[in-house]
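Please work through the exercises below with the sequence and the coordinates open beside you. Each task is followed by a solution that goes step by step.

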Amino acid sequence: MKYPHAMNFQALKRGIYEEVQKGNMEIVHADADSITVLDFTKSGDDPKEFTFTNPKTIDVRWLRRHIWIHPSISILLDDIASTLMEMDPNTFITMRHLVILPRLENLQDYIQNMIPTKQVSSLLNTAPLKCRNKNQPIGQLWNHANCAIVYLDNVKKVAAETVHENLGAWKSFHMCTWETIFHELRHLMMDCNPFLPEQDYPVHLASEEAVEAFCEEEYERIFGY
Ligand SMILES: [Zn+2]
């Protein structure tokens, strides 16, 4: 699979300034390679605050800083970060964090540790929107916070229930974990970047079916099985 080029950050900035002119956005902070905005077009009482990062500056160090793994989980941050480097860099332009938790209850720990105090109250009212398995979510996109979330305990359960005969327990868990990460990151890119170019990423790619197909293809492309 060949990816479109990384988005041009100057063009993206121009798009943001146009929205500022129209009163749809306000700039909170800007430097050479990132720009933080308040977006007033999103529903709810509070505007949505998020940061655009120049995709050309996204490297393994940046990714390490934007992955949050719950302290009770023993997964190597470096393994996750180096695999994410294989993905389309546009995936991460508006990502706050990839959050890896045991269960939904642990979202509190992430919020306490990583969400700035002034944003906590507005974000607490915004439940994660999408999940792959409604009764027992294995992953969710927290749209208002620009976080892709993976619930590892549920991934383990689902992986154990769906172990294929020719796919051992570990591989099944590996596949289920990574497909969930790719799935939620894809939702994040498609749904959380208002300037994503439609000619490169047509709207139909945002559907649940297309996102699910993407994560399976991405797993095969990156891991080769
Ligand atoms: Zn989904």
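The exercises that follow concern a predicted model, and they go from single residues to helix packing.

**Exercise 1. A residue in a strand**

Task: Determine where Leu 101 lies, whether Leu 101 counts as buried or exposed, and which residues Leu 101 touches beyond four places in sequence.

Solution: Begin with the secondary structure, where Leu 101 is found in strand β5, which covers residues 97-101. Next, take the neighbour count: Leu 101 has 23 C-beta neighbours inside 10 Å, and because a residue with 20 or more counts as buried, Leu 101 is assigned to that class. Then list the contacts, leaving aside residues up to four places away in sequence, which gives His 70, Asn 106, Leu 107, Tyr 110, Ile 149, Tyr 151 and Leu 152. For one of these partners, Tyr 151, the C-alpha separation from Leu 101 is 5.0 Å, although the two residues stand 50 residues apart along the chain.

**Exercise 2. The nonpolar core**

Task: Find how many residues the largest nonpolar core has, and which residues have the most contacts inside it.

Solution: The count for the largest nonpolar core is 48 residues. Within this core, the residues with the most contacts are Leu 101, Ala 148 and Ile 149. The element that gives the most to the core is α7, with 8 residues. As background, nonpolar side chains tend to be buried together in soluble globular proteins.

**Exercise 3. Two loop residues**

Task: Place Asn 146 and Ile 138 in their loops, and decide for each whether it is buried or exposed.

Solution: Asn 146 belongs to the loop between β7 (139-142) and β8 (147-151). With 20 other C-beta atoms within 10 Å, Asn 146 is buried, because the cut-off for that class is 20 or more. The backbone of Asn 146 also deserves a look, since its phi is near 55°, a positive value in a residue other than glycine. Ile 138, in turn, sits in the loop between β6 (130-131) and β7, and its 24 C-beta neighbours inside 10 Å place Ile 138 among the buried residues. The C-alpha atoms of Ile 138 and Thr 180 are 7.1 Å apart, with their positions 42 residues apart along the chain.

**Exercise 4. Two partly exposed residues**

Task: Establish the location and the neighbour count of Val 20 and of Asp 88, and read off one C-alpha distance for each.

Solution: Val 20 lies in helix α1, residues 9-21, and has 14 C-beta neighbours inside 10 Å, so that it counts as partly exposed. Beyond four places in sequence, Val 20 touches Met 25, Glu 26 and Ile 27. From Val 20 to Trp 68 the C-alpha distance is 31 Å, at 48 residues apart in sequence. Asp 88 is located in the loop between α3 (77-84) and β5; its 19 other C-beta atoms within 10 Å make Asp 88 partly exposed, because buried residues need 20 or more. Asp 88 and Lys 48, which are 40 residues apart in sequence, have C-alpha atoms 25 Å apart.

**Exercise 5. The packing of α7**

Task: Describe how α7 packs against α8 and against α6, and give the makeup of each contact.

Solution: Take α7 (residues 169-191) and α8 (residues 208-223) to begin with, whose axes are 8 Å apart at an angle of about 130°. Angles over 115 and up to 145 degrees count as oblique, and therefore α7 and α8 are oblique to each other. The crossing of α7 past α8 is right-handed. Residues meeting across this contact include Trp 178, Phe 182 and Arg 186 in α7, and Val 211, Phe 214 and Tyr 219 in α8. The contact of α7 with α8 is made up of 7 nonpolar, 2 polar and 5 charged residues.

Turn then to α6 (residues 152-161), which packs with α7 at about 130°, the axes being 9 Å apart. This pair, α6 and α7, is therefore oblique, and its crossing is right-handed. Among the contact residues are Val 155, Val 158 and Ala 159 of α6, together with Phe 173, Cys 176 and Thr 180 of α7. The contact of α6 with α7 comprises 7 nonpolar, 3 polar and 1 charged residues.

Note on methods
Residues numbered from 1 in each chain as written. Predicted model: local features only at pLDDT ≥ 70, side-chain atom pairs only at ≥ 80, totals over all residues. Helix = DSSP H or I, 4+ residues; strand = E, 2+ residues; numbered from the N terminus. Buried ≥ 20, exposed ≤ 12 C-beta atoms within 10 Å, placed from the backbone. Contact = placed C-beta atoms within 7 Å. Axes fitted to C-alpha atoms, helices over the stretch in contact; angles between N-to-C directions. Parallel < 35°, antiparallel > 145°, perpendicular 65-115°, else oblique. Left-handed = near helix turned anticlockwise from the far one by under 90°. Nonpolar A, V, L, I, M, F, W, Y, C, P; charged D, E, K, R; others polar. Core = buried A, V, L, I, M, F, W, Y, C linked by C-beta atoms within 7 Å.
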